Amino acid sequence: MSTIAIPDTPSDTTSDTAPSAAVLCPQLDPGSFRIPTQQALHAVQPSTHAPRILMLYGSLRERSYSKLLTLEAARLLQGMGAEVRIFDPAGLPQPDAAPTDHPKVQALRELVLWSEGMVWTSPERHGAMTGIMKSQIDWIPLSEGAVRPTQGKTLAVMQVSGGSQSFNAVNQLRVLGRWMRLLTIPNQSSVAKAYDEAGRMKPSPYYDRVVDVMEELVKFTLLTRDAAPYLVDRYSERKEALARQHAQTLASM
């Protein structure tokens with residue numbers, strides 16, 4: 001046979017009813033377990049406003065190619081109907097070198113809360129993303145009280161490589177995106193120097209790939225933004241919440 005039988009599964013195939021999760025997995029907490037459904041993925045009233053995209057770039061140079069790439073991508077996103085905001089990293093302190101109420105830190109965090117998707121673009125320096133790129137991400141908290149600023153939002157990653165194509169920075173950005181619980185889209189862009197003197201990208205396969213990435217980001221944002229609370233609703237967290245609620249109830253008795 002080409003398939004493997006699942007152990008401890010009822011062998012009666014004559015029944016029209018599939019075995020329940022409680023039968024298949026008795027270690028489950030029945031009060032926390034939910035069966036995913038297609039219906040729950042559809043919002044009752046879908047959002048009608050333009051997708052909100054925040055863009056971060058990882059360079060402070062006056063003529064920064066990662067900034068130029070960000071601006072080019074921003075024009076594309078606007079042409080696709082998105083509302084775009086670009087954070088200027090100049091003046092952002094190093095993580096832990098300033099309090100969280102620093103004006104630049106607060107501005108960054110407010111933009112993250114506003115956004116429904118993000119684009120991270122970094123140069124590759126010494127085979128890695130830049131320090132200012134990492135600093136911006138490090139200032140974004142995983143949670144602020146009951147709010148998780150990044151969870152369930154979409155992310156596209158791009159990088160600029162000095163004359164040759166590499167993928168070190170985008171690979172690192174993907175790891176960070178996963179850590180921040182962002183829905184990182186499959187496509188990505190690594191751009192070698194491909195600009196004219198006015199700072200605009202030349203027609204090229206690099207440019208076409210940037211169009212592909214921005215188009216995919218908008219599609220995924222439209223697809224997931226209203227379903228994000230359901231998509232990131234987790235069994236383990238429901239179970240922990242029930243346990244805390246039970247402990248509080250016992251403590252109040």
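The dialogue below takes some labels used for this predicted model and asks what supports them.

Student: How do you know that the span of helix H6 agrees with its number of residues?

Tutor: Helix H6 covers residues 205-224, which is 20 residues. At 1.5 Å a residue the expected span is 28 Å, and the end C-alpha atoms are 28 Å apart, so the two agree.

Student: Which residues of H6 are buried?

Tutor: Val 210, Val 213, Met 214, Glu 216, Leu 217, Val 218, Thr 221 and Thr 224 are buried.

Student: What makes Lys 219 and Glu 215 a salt bridge?

Tutor: The cut-off is 4 Å between a side-chain nitrogen of Lys or Arg and a carboxyl oxygen of Asp or Glu. The closest N and O atoms of Lys 219 and Glu 215 are 3.9 Å apart, so the pair is within the limit. Both residues lie in H6, four residues apart, about one turn of the helix.

Student: Why is Lys 219 called exposed, and why is Glu 215 called partly exposed?

Tutor: Exposed means over 50% relative accessible area, and partly exposed lies between that and the 20% limit for buried. Lys 219 has 52%, so Lys 219 counts as exposed. Glu 215 has 38%, so Glu 215 counts as partly exposed.

Student: Where do Glu 72 and Arg 75 sit relative to each other in helix H2?

Tutor: They are three residues apart in H2, residues 65-79, and therefore separated by about one helical turn. An α-helix has 3.6 residues a turn, so residues three or four places apart point the same way. The closest N and O atoms of Glu 72 and Arg 75 are 3.5 Å apart, and the pair forms a salt bridge.

Student: Is Glu 72 buried or exposed?

Tutor: Buried: its relative accessible area is 2%, and the label applies under 20%. Its partner Arg 75, at 37%, counts as partly exposed.

Student: What makes Arg 234 and Glu 237 a salt bridge?

Tutor: Their closest N and O atoms are 3.8 Å apart, which is within the 4 Å cut-off. Arg 234 has a relative accessible area of 28% and Glu 237 has 22%, so both fall in the partly exposed range between 20% and 50%. Salt bridges that share partners join Arg 148, Arg 181, Arg 234 and Glu 237 into one network. The whole structure has eleven salt bridges.

Student: Which residues have the most contacts inside the largest nonpolar core?

Tutor: They are Met 55, Leu 69, Leu 77, Val 119, Tyr 195, Val 210 and Met 214, in a core of 24 residues. Strand S1, H2, strand S4 and H6 each supply at least two residues, and H2 gives the most, with seven. Another core, of 22 residues, lies apart from this one and includes Leu 92, Met 118, Val 157 and Leu 173.

Student: Which residues form the nonpolar patch on the surface?

Tutor: Leu 41, Leu 183 and Leu 231 form the patch, with about 210 Å² of accessible area together. Leu 231 lies in helix H7, residues 228-231.

Student: What makes Leu 231 eligible for a patch?

Tutor: A patch residue needs over 30% relative accessible area. Leu 231 has 42%, so Leu 231 passes that limit, and the value also makes Leu 231 partly exposed.

Methods:
Residues numbered from 1 in each chain as written. Predicted model: local features only at pLDDT ≥ 70, side-chain atom pairs only at ≥ 80, totals over all residues. Heavy atoms only, no water. Expected span 1.5 Å × (residues − 1). Buried < 20%, exposed > 50% of the residue type's maximum accessible area, 1.4 Å probe, protein only. Patch = residues over 30% accessible without salt bridge, like charges linked within 9 Å, V, L, I, M, F, W, Y side chains within 5 Å. Areas by Shrake-Rupley, 256 points an atom, 1.4 Å probe, with all protein chains shown as cover. Core = buried A, V, L, I, M, F, W, Y, C linked by side-chain atoms within 4.5 Å.
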